[in-house]
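Please look through the structure below with its side chains displayed, and follow the text as it moves from charged contacts to aromatic rings and then to the strands.

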Amino acid sequence: MTKSIAIIGGGFSGTLAAINLLRHCESRLVLIERQPLAGEGLAYGAAHPAHLLNVRAANMSAFPDDPGHFHRWVAAQAPDGDPNPFVPRLRYGDYLRELLDEARHAAEGRLEIVRGDAVDVVREGDITQVVLADGRRIGVDTAMLAIGNLPPHPQPGTTGLPERLYAPDPWAPGALDELGDDDTVLALGTGLTMVDVVLALRARGFGGRIVAMSRRGLLPHPHAAAAPPPDPLDERPRETGSALLRRVRTRAKAIGWRAAIDELRRFTQDMWRAASDHERARFLRHLRPWWDVHRHRLAPSVAEALAALRDSGTLTVCAGKIVATASDSDGLTVTWRPRTSATPETLRVARMINCTGPQGDLLRAEEPLLRNLVARGTLQPDTLRIGIDVDAQSRTIAADGTSNAWLYALGPMTRGAFWEIVAVPDIRVQSWSVARRLANAQWVGGEGL
């Protein structure tokens with residue numbers, strides 16, 4: 001019987017898990033968060049006012065059983081505003097904290113929020129012990145890892161570079177500080193993280209030049225109005241690989257590429273689970289960059305701002321790879337090779353910022369919590385090494401292949417099992433499903449886990 005649950009991580013995934021568990025079961029909860037404030041996480045707590053959600057308000061409810069909840073919350077605050085806006089991320093953080101506070105007060109003392117840094121989770125008999133960095137131990141029946149994304153992995157040619165010249169994590173304190181209007185900044189990566197960094201730099205008053213570089217130089221596409229197709233897809237496509245790509249391209253000619261991508265949404269997790277490891281690996285190797293820029297789109301106003309920066313020459317987007325870097329007292333010389341050329345070029349920059357986006361390789365993780373769990377065999381990477389290996393019920397899988405009924409994982413780090421698990425609509429379903437499963441286990445004495 002699940003009487004107590006510890007949730008490690010108070011960002012979006014952990015906050016939703018807490019809210020849904022309080023709604024659906026009578027367990028005692030402990031929400032563990034290292035930052036001073038639970039209920040927002042990096043995406044909504046470290047955001048700048050210029051950062052908007054990438055999805056309209058109508059699709060951002062915290063509850064899969066009440067899809068219009070956030071939309072109503074926004075409308076109540078601004079009844080005369082855009083009926084379906086792209087809301088600032090800081091405002092969405094306010095929404096999450098408000099929901100957590102409401103659930104906490106309604107739960108009559110069943111939720112305890114602990115500020116601390118979890119460094120290990122061990123199973124001792126029938127008790128799951130969460131070990132904190134300061135030596136405290138929290139004993140519960142079940143634990144959940146809701147740790148969000150890992151920071152970007154180190155990039156080639158960056159080892160040993162001084163902090164003033166290279167920012168390995170764009171959200172670390174000081175990453176965007178002390179840059180002048182005569183400086184050039186190199187952003188490694190051209191995806192959503194780069195967009196956030198560019199907007200943050202401009203909002204801070206940076207007037208220098210920004211160069212964004214990735215292997216293919218692809219930028220996220222903007223959202224645009226699209227009418228629902230007259231004959232929507234009603235079953236999961238059975239094709240894989242090139243055949244599936246041809247199908248989507250053909251479909252896009254008939255209904256537009258946005259609608260063709262969006263109608264796959266409710267089937268994507270099933271398609272991913274049905275694919276073999278070989279098919280998944282081929283997708284990641286050959287198609288992922290194109291999937292990302294078409295699937296994870298920008299608010300129109302953000303896309304317009306980027307276009308204006310490019311038109312003015314403030315932002316330059318390049319396709320290529322870094323060959324070498326050399327630092328001196330005045331800055332950094334980057335040697336890079338354009339994608340369409342064999343001749344290297346050089347670029348002089350004041351700082352290089354790793355904007356390649358969050359990664360998930362457990363074997364490269366520096367978090368003590370993950371390192372300890374992997375070293376002991378409690379966790380293992382998924383076969384593609386893009387996250388934590390979990391089963392269909394989000395239970396972690398140990399190195400011997402068995403599922404841990406006492407340790408779950410939620411959110412982006414379960415992408416190896418579900419793929420489409422990085423956005424609000426998917427994480428809310430996962431947290432809701434796990435909460436209801438644990439609630440059922442509470443009443444039937446653990447059956448079904």
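R265, R295, E420 and D426 are linked with one another in a network of salt bridges. The model in which this network appears is a predicted one, and across it the count of salt bridges comes to 23.

Three individual pairs show how such contacts are placed along the chain. In one of them, the side chains of R137 and E124 meet with a distance of 2.6 Å from N to O. R137 belongs to strand β6 (residues 137-140) whereas E124 belongs to strand β4 (residues 118-124), so this salt bridge ties together parts that are 13 residues apart in sequence. Both ends of the pair have some access to the surface: R137 counts as partly exposed because its relative accessibility is 42%, and E124 counts as partly exposed because its value is 40%.

A second salt bridge joins the side chains of D262 and R297, at 2.9 Å from N to O. Here D262 lies in helix α7 (residues 257-262), while R297 lies in the loop between α9 (277-295) and α10 (300-312), so the contact ties together parts that are 35 residues apart in sequence. Are the two partners buried or exposed, or something in between? D262, with a relative accessibility of 37%, counts as partly exposed, whereas R297 is buried, since its relative accessible area is 5% and the cut-off for buried is under 20%.

The third pair stays within a single helix. D292 forms a salt bridge with R288, and the closest N and O atoms of the two are 3.5 Å apart; because these residues are four positions apart in helix α9, D292 and R288 are separated by about one helical turn. D292 counts as partly exposed at 26% relative accessibility, and R288 counts as partly exposed at 25%.

Turning to the aromatic rings, the count comes to 10 aromatic pairs. F70 and W73 form a stacked pair, with 5.8 Å from centre to centre and 20° between the planes. Since they are three residues apart in helix α3 (residues 69-77), F70 and W73 are separated by about one helical turn. F70 is buried, with a relative accessible area of 0%, and W73 is buried too, with a value of 11%. F283 and W291, by contrast, form an edge-to-face pair, with 6.2 Å between the centres and 70° between the planes, and both F283 and W291 are buried. Returning to F70 and W73, these residues form one aromatic cluster together with F12, Y92 and Y95.

The last stop is strand β9 (residues 184-188), where five of the five residues are buried, so the strand is largely enclosed by the rest of the structure. Both faces of β9 are covered, with T184, L186 and L188 buried on one side and V185 and A187 buried on the other. Which strands, then, are joined to β9 by bridges? One is strand β10 (residues 209-214), which runs parallel to β9 and is joined to it by five bridges, and within β10 the bridge partner of A187 is A212. Between these two strands the chain crosses from β9 through helix α5 (residues 192-203) to β10, in a β-α-β crossover that is right-handed. Another is strand β14 (residues 351-354), also parallel to β9, with four bridges between the two; in β14, M352 stands opposite L186.

Note on methods: Residues numbered from 1 in each chain as written. Predicted model: local features only at pLDDT ≥ 70, side-chain atom pairs only at ≥ 80, totals over all residues. Heavy atoms only, no water. Buried < 20%, exposed > 50% of the residue type's maximum accessible area, 1.4 Å probe, protein only. Pairing = 2+ DSSP bridges. Right-handed = clockwise from strand over helix to strand, strands pointing away. Salt bridge = Lys/Arg side-chain N within 4 Å of Asp/Glu carboxyl O. Phe/Tyr/Trp six-rings, centres within 6.5 Å; stacked < 30°, edge-to-face > 60°.
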